[in-house]
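Here are a few exercises to try with the structure open beside you. Work through each task on your own, then compare notes with the solution below it.

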Amino acid sequence: MTPAALAALHDAAFPDARGWATEEFSDLLASPHVFLVDCDDGFAIGRAVADEAELLTIAVAPTARRQGLGRILLARFEAAAEARGARRVFLEVAADNSPAQALYESAGYVRIGTRPAYYTRPGANPVAAVVMGKPLP
């Protein structure tokens, strides 16, 4: 998937949030620590450094939701992180995104903290981030 396609899909997946520009995706993917797992209707981008990985974003096209694609992408992200030497993974999710939190919890992630007013929303109050983590096998 090209950076432009990633930006377009991310915008569609998160219409109430600040979108990530094509250049932001290009810059991320230029890093040797950043990796992408993708398919036609979704993607996950992560970063692995030493024995830790972070899920930077995961996006599924609105038309492909509720079909298990998020779970597949999350599993592929975890496998790619483990292949890069990660033994623990972390992520941040908007406190008001209960479907995503449920997905992560069902995959074994636990809540380890919050970041107040982390996500900005155009025309709305900022939303806290829930920080979650999970050990890898």
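**Exercise 1. Find the loop that holds Arg66, then describe the backbone and the exposure of this residue.**

Solution. This is a predicted model, so read each value as computed from predicted coordinates. Start with the location: Arg66 sits in the loop that links β3 to α3. Next, check the backbone: phi of Arg66 is positive, about 65°, although the residue is not a glycine. Last, look at the surface: the relative accessible area of Arg66 is 83%, and exposed means over 50%, so Arg66 counts as exposed.

Now repeat the steps for Ala50. Ala50 belongs to the loop between β2 (42–49) and β3. Its phi is near 55°, again a positive value in a residue other than glycine. With a relative accessible area of 67%, Ala50 is exposed.

**Exercise 2. Locate His33 and list what it touches beyond its sequence neighbours.**

Solution. Begin between α2 (22–29) and β1 (34–39), where the loop contains His33. Set aside the neighbours within four places in sequence, and the contacts of His33 are Gly46, Arg47, Ala48 and Val49. Then try a distance: the C-alpha atoms of His33 and Ala81 are separated by 10 Å, while the two residues are 48 apart along the chain. His33 itself is partly exposed, at 38% relative accessible area.

**Exercise 3. Examine three salt bridges and decide for each partner: buried, partly exposed or exposed?**

Solution. The model has five salt bridges in total. Let's take three of them in turn.

- Arg18 pairs with Glu24, with 3.1 Å between the closest N and O atoms. Arg18 is partly exposed at 46% relative accessibility, and Glu24 is partly exposed at 28%.
- Arg47, one of the contacts of His33, forms a salt bridge with Glu54 at 3.3 Å, N to O. Arg47 is partly exposed at 32%, and Glu54 is partly exposed at 25%.
- Glu78 and Lys134 make a salt bridge in which the closest N and O atoms are 3.1 Å apart. Glu78 belongs to helix α3 and Lys134 to strand β6 (residues 124–135), so this pair ties together parts 56 residues apart in sequence. Both partners, Glu78 and Lys134, are buried.

**Exercise 4. Which residues of α4 are buried, and where do they lie around the helix axis?**

Solution. First, pick out the buried residues of α4: Ala100, Gln101, Leu103 and Tyr104. They span an arc of only 160° around the axis, which places them on the same side of α4. A general point helps here: an α-helix has 3.6 residues a turn, so residues three or four places apart point the same way. Finally, see what this side meets: the buried residues of α4 pack against β3, α3, β4, β5 and β6.

**Exercise 5. How many residues line the largest pocket, and which element gives the most to the lining?**

Solution. Start with the volume of the largest pocket, about 1,200 Å³. Its lining is made of 37 residues, and those nearest the centre are Phe14, Ile58, Asn97, Ala100 and Tyr104. Two or more lining residues come from each of α1 (3–13), β3 (52–60), α3 (69–83), β4 (88–94), α4 (98–106) and β5 (110–121). The top contributor is β3, with seven residues. Sorted by class, the lining has 21 nonpolar, seven polar and nine charged residues.

Technical notes: Residues numbered from 1 in each chain as written. Predicted model: local features only at pLDDT ≥ 70, side-chain atom pairs only at ≥ 80, totals over all residues. Heavy atoms only, no water. 1 Å grid on protein atoms, 1.4 Å probe; cavity = no way out; pocket = protein on both sides within 12 Å on 5 of 7 lines; lining within 4 Å. Points joined across faces, edges and corners; volume = space filled by probe spheres on them. Helix = DSSP H or I, 4+ residues; strand = E, 2+ residues; numbered from the N terminus. Nonpolar A, V, L, I, M, F, W, Y, C, P; charged D, E, K, R; others polar. Salt bridge = Lys/Arg side-chain N within 4 Å of Asp/Glu carboxyl O. Buried < 20%, exposed > 50% of the residue type's maximum accessible area, 1.4 Å probe, protein only. Arc of directions from axis to C-beta. Contact = heavy atoms within 4.5 Å.
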